[in-house]
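This report covers ligand contacts and helix packing. The structure it describes is shown first.

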Amino acid sequence: MVSLGLEDKVIFVTGGGRGIGATIVSLLTELGAKVAFVDINIPDDHPAAFATKADVTNLEEMEAVGKKIAKKLGPVYGVVANAGITRDNFFGKLSPADWDAVINVNLKGVVNTIKPFVAGMYEQKSGSIVAISSISGDRGNAGQTNYAATKAAVIGLVKSLAREAARYNVRANAIAPGFINTEMTKVIADNIKEKIIAEIPFRRFGEPEDIAWACAFLLSPVASSYVTGEVLRVNGAHHT
Ligand code: NAP
C-alpha cells in the first residue's frame with residue numbers, strides 16, 4: 001500500500017470554513033494529517049483537529065494562531081494559504097477600497113499566513129507551502145485587475161521563496177485553479193458563465209476536490225519532494 005506520507009503531519013489551512021479551503025481540510029484529514037484552519041466564520045461541524053476564527057490580514061492574530069497550533073498539535077509541516085476574496089469591476093470603476101481589500105487579503109494575507117511558520121520549518125528542515133493563486137493571475141481577466149494583480153504577485157512570492165527555502169528542504173508552490181464551483185463563482189451571472197464555459201475545453205467548471213487533490217500532491221513529501229517554485233494549473237485546459 002503506498003501513501004502520500006501526510007499521516008500525522010500538522011498542516012495549517014486558511015479560509016478552511018467553506019469552498020476550496022473546506023474541501024482541502026477534509027481531504028487532508030482523510031489522508032491522516034492533523035489539520036488546523038482559520039476562517040472569518042467557523043462552521044459548526046468540521047473534521048479538523050483545530051479551528052479558530054482569525055483574519056489573515058492581521059499578522060498579530062496569525063502569529064498567535066501559529067503559537068496555538070504548535071502547542072496543540074506540534075510543529076507545523078504544511079501551510080496552505082487559501083483564503084481569498086474578489087471585488088470585481090472594470091479598472092476605471094474599482095475604488096481604492098476595492099484595491100486595498102483585495103491586496104490585504106490576497107497578498108498581505110498570504111504573507112501573514114506563511115511568515116509565522118517559516119522559521120520553524122527551516123529549523124526542522126522540512127516543510128511544504130502551497131498558495132492558492134488563480135488562472136486570473138496567470139492569464140489576466142477583464143474585471144479583475146485588482147484580483148489578478150494579487151494572484152500574479154503570489155506566484156512571484158512562491159517562486160522566490162522556493163529559491164530561498166530550498167537549502168532548508170522547504171518547498172513553496174502555487175496552484176492556479178481555473179473556474180471552480182464555490183460561493184465565489186456563484187455570483188457570476190448565467191450569461192457570463194455560459195461564455196466562460198464555452199472557452200473551457202472541458203465545458204464545465206472544476207470542483208473543489210480537483211484543487212484539494214492538487215494541494216495534497218504538492219504537500220506530499222513522497223509525491224512531490226523535488227517540485228518547488230512551480231505553478232500547478234488546474235483548469236480543464238482553460239489556458240491563455
Ligand atoms: P470562498 O468560497 O469565498 O471561500 C473563501 C473562504 O476564505 C471563506 O470561508 C472566507 O470567509 C475566507 N476568508 C475570506 N477572507 C478572509 C480573511 N480575511 N481571513 C480569513 N478567512 C477569510 O472562495 P473559494 O472559491 O473557496 O476560494 C478559495 C481560494 O481559491 C481563494 O484564494 C480564491 O481566490 C481561489 N480561487 C478560486 C477560484 C474559484 O473559481 N472558486 C478560482 C481560482 C482561485 P467568509 O466568507 O466567512 O468571509
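## Ligand contacts and helix packing

A polar backbone atom of Ile 180 lies 2.8 Å from an oxygen atom of the ligand. The model is a predicted one. Two side chains also place polar atoms by ligand oxygen: for Asp 39 the distance is 2.7 Å, and for Lys 151 the distance is 2.9 Å. The ligand is surrounded by 28 residues, and the closest are Asp 39, Asn 41, Asn 82, Tyr 147 and Thr 182.

| Residue | Atom of the residue | Partner | Distance |
|---|---|---|---|
| Asp 39 | polar side-chain atom | oxygen atom of the ligand | 2.7 Å |
| Ile 180 | polar backbone atom | oxygen atom of the ligand | 2.8 Å |
| Lys 151 | polar side-chain atom | oxygen atom of the ligand | 2.9 Å |

The packing of helix 3 with helix 5 involves some of these residues. Helix 3 covers residues 96–124 and helix 5 covers residues 145–165; their axes are 9 Å apart, at an angle of about 15°. Angles under 35 degrees count as roughly parallel, so helix 3 and helix 5 are roughly parallel to each other. Helix 3 passes helix 5 in a right-handed crossing. From helix 3 the contact takes Asp 98, Trp 99, Val 102, Ile 103, Asn 106, Leu 107, Val 110, Val 111, Ile 114 and Tyr 122. On helix 5 the contact includes Tyr 147 and Lys 151, along with Thr 145, Asn 146, Ala 149 and Thr 150. Further along helix 5, Ala 153, Val 154, Leu 157, Leu 161, Glu 164 and Ala 165 also take part. Sorted by class, the contact of helix 3 with helix 5 has 15 nonpolar, 4 polar and 3 charged residues.

Helix 3 also packs against helix 2 (residues 59–73), with the axes 9 Å apart and an angle of about 40°. That angle makes helix 2 oblique to helix 3. The crossing of these two helices is right-handed. Helix 2 contributes Leu 59, Met 62, Glu 63, Gly 66 and Ile 69, while helix 3 contributes Asn 112, Thr 113, Lys 115, Pro 116 and Phe 117. Of the residues in the contact of helix 2 with helix 3, 5 are nonpolar, 3 polar and 2 charged.

The remaining pair is helix 1 (residues 19–30) and helix 8 (residues 208–219), whose axes come within 8 Å and cross at roughly 55°. Helix 1 and helix 8 are therefore oblique to each other, and helix 1 passes helix 8 in a right-handed crossing. Gly 19, Ile 20, Thr 23, Ile 24, Leu 27 and Leu 28 form the helix 1 side of the contact. The helix 8 side consists of Pro 208, Glu 209, Ile 211, Ala 212, Trp 213, Cys 215, Ala 216 and Leu 219. The class count for the contact of helix 1 with helix 8 is 11 nonpolar, 2 polar and 1 charged residues.

How values were computed
Residues are numbered from 1 along each chain as its sequence is written. This is a predicted model: local features need pLDDT of at least 70, side-chain atom pairs count only at pLDDT 80 or more; totals for chains, interfaces and linings use all residues. Side-chain values use heavy atoms; hydrogens and water are left out. Axes are lines fitted to C-alpha atoms, for helices over the stretch in contact, and angles run from 0 to 180 degrees between N-to-C directions. Helices (H or I, at least four residues) and strands (E, at least two) are DSSP runs, numbered from the N terminus. Angles under 35 degrees count as roughly parallel, over 145 as roughly antiparallel, 65 to 115 as roughly perpendicular and the rest as oblique. A crossing is left-handed if the near helix is turned anticlockwise from the far one by less than a right angle, and right-handed if clockwise. Contact means heavy atoms within 4.5 Å. Ala, Val, Leu, Ile, Met, Phe, Trp, Tyr, Cys and Pro count as nonpolar, Asp, Glu, Lys and Arg as charged, and the others, Gly among them, as polar. A residue is near a molecule or strand if one of its heavy atoms lies within 4 Å of it. A polar contact is a pair of N or O atoms within 3.5 Å; within protein, one must be able to donate a hydrogen and the other to accept it, and residues adjacent in sequence count only if both atoms are side-chain atoms.
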